[in-house]
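Please look over the sequence and the structure shown below before reading on. The report that follows takes up a few aromatic rings, the nonpolar cores, two helices and some single residues.

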Amino acid sequence: MRIIEEESWQSTCLPPTKQLPGFQEVLDRTHFHWDLKSDRKDQYIAEVRRRAVNDYMLTHIVADPVTGFRSMDDIKKSNEAYFCLLFFTQGECLLAQGANETVVSDGKIAIWDSTRPAKFQNTSQLTQYSILIPRDNAKIMIPGIEDMCGLSVDGTKGLGSILHSHLVQIHQAIELVEPEDRPAVLRATVELVAAAFKPESANRSSTAFRQAVLNRVQEYIVANLGEPDLSPASVAAAFRFSPRYLHRLFEESDESAGSWIRKRRLHAAKADLCEPAKSRLSVTQIAMQRGFADASHFSHAFKKEFGQSPRQFKQSCRSNDTGH
C-alpha cells in the first residue's frame, strides 16, 4: 500500500518579481499546466500543498488574483488524466469548460476535466481545496461525468452538504486513516460525487443539458452493445437516474430507448457481417456478439430493418468482394 507523499511550496521563499513565475512552475509540477496571467507583477502571494494518496491527489492552493487558460497544447504536456473536484473556503472563481460555466465560491463544489480546455479567473485571493480523481475510475463510477464539468452544486444543502462535509474531512484527516482503509474512503468520495452531481430538476429543464446527457447515454449504449442484459432499465441504472427520465431524454429524438438500442445493435451486426476479419464467424455468433440472445429473433428483426435476411446480406457482401 502506498504511503502519502507530500510537497509544499510558498511564494515568499522567492524574490517578489519571481513569485508568479515560481507559482507557474510549481503548479505545472504538482497540479497541471495552466497559462497564468496576473496584473500583480511585483509581488504574488501563493501557497501550494500536494499530497498523493494512492492514485488520487489532494491539493491545497492559496492564490492572489489570476486568470488561467488551459489549451490543448497545455494538455499535451502531461499524460496524466484526472477529474478535479474543488471547493473554496475563501474567494470566488469563474470556471468555464465546454458549454458550461459556473462561479465557485464558499459553499459551492465544482468539477472539471484535465483532458479538455478550460478557463478560470479569480479577482480576489482564494483558498482552494481539490481532490484529483483518476479519470478512468471516475468514468466507470460516474457515467456522463464529462457533461458535469464546468458545473457546480450547492454544498450547503441536500447531498451537496454531505459531499462538502466529506471533502473537508478527507483534507483534514486522511493521514489518520489506516492505509488499508484509504481505498474505501476514496471510493466513497467518488460515489458521493455521483450522487451529488446527478441531474437535478433545475438542470433537466435545459435543452442543451438534456442533449449533452443524451449524447453520453448513446455513447454508453454503443460501447456496451455486446452486453445481453443491456436495456433501458440497465442504462438508467448505470447513469443513476430513473427509467422515466431516460424515456424523456429519448422523446426529443422521436425514438424510444429500447428502439434505439435495437437499431444500434442491428446496424453494428450488419457492419460485422460485411467485415472481412469476421468472415469466419457464423450469423449466430455475430448476433450473440452484438447482444442478441436468440438467432431467429435477430434474423426476423434484421430482415424487417434491411429488407433481406442476415445470410442473404452476408452472401451479397461476399459476392461484391469477389466481383461476382
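## Aromatic rings and confidence

Phe292 is buried, and Phe298 is buried as well, where buried stands for a relative accessible area under 20%, exposed for over 50% and partly exposed for what lies in between, with a 1.4 Å probe and protein chains only. This is a predicted model, in which local features need a pLDDT of at least 70 and side-chain atom pairs count only at pLDDT 80 or more, while totals for chains, interfaces and linings use all residues. Residues are numbered from 1 along each chain as its sequence is written, and side-chain values use heavy atoms, with hydrogens and water left out.

The predictor's confidence in each residue, from 0 to 100, is called pLDDT; its mean over the protein chain is 87, and 94% of the residues reach 70 or more. Over residues 201-205, however, the pLDDT is below 50, and this stretch has 6 contacts in the model beyond near neighbours in sequence, a contact being heavy atoms within 4.5 Å.

Rings of Phe, Tyr and Trp (its six-membered ring) pair if their centres lie within 6.5 Å, and the planes count as stacked when under 30 degrees apart, as edge-to-face when over 60 and as tilted for the rest. By this rule there are 13 aromatic pairs. Phe292 and Phe298 form a tilted one, with 4.9 Å from centre to centre and 55° between the planes. Elsewhere, Phe32, Trp34, Tyr82, Trp112 and Phe120 make up one aromatic cluster.

## The nonpolar cores

A nonpolar core is a set of buried Ala, Val, Leu, Ile, Met, Phe, Trp, Tyr and Cys residues joined through side-chain atoms within 4.5 Å. The largest such core has 29 residues, and those with the most contacts inside it are Phe23, Trp34, Leu36, Tyr44, Leu86 and Trp112. Among the elements that each supply at least two residues of this core are α1 (19-30), β3 (46-53), β4 (56-63) and β11 (126-134); helices (H or I, at least four residues) and strands (E, at least two) are DSSP runs, numbered from the N terminus. Apart from this core lies another, of 27 residues, which includes Phe83, Met148, Cys149 and Ile174.

Which residues does Phe23 contact, leaving aside its neighbours within four places in sequence? Phe23 is in contact with Trp9, Leu36, Tyr44, Ala46, Val48, Ile61 and Ala63.

## Two helices

The expected span of a helix is 1.5 Å times one less than its number of residues. In α1, 12 residues reach 16 Å from the first C-alpha to the last, close to the 16 Å expected. The 17 residues of α10 (residues 257-273) should span 24 Å, and this agrees with the 24 Å between its end C-alpha atoms.

The buried residues of α1 include Leu20, Phe23 and Leu27, and what covers the buried residues of α1 includes β1 (5-10) and β2 (35-37). In α10, Trp260 is one of the buried residues. The charged end of Arg264 sits over the ring of Trp260, 4.6 Å from its centre; for this, NZ of Lys or CZ of Arg must be within 6 Å of the ring centre and within 35 degrees of the ring normal.

## Three single residues

| Residue | Place | Relative accessible area |
|---|---|---|
| Asp136 | helix α3 (residues 135-141) | 60%, exposed |
| Thr127 | strand β11 | 9%, buried |
| Asn54 | loop between β3 and β4 | 17%, buried |

Not counting residues up to four places away in sequence, Thr127 touches His60, Ile61, Val62, Phe87, Phe88, Thr89 and Gln90. Most residues other than glycine have a negative phi. Asn54, although not a glycine, has a positive phi of about 55°.
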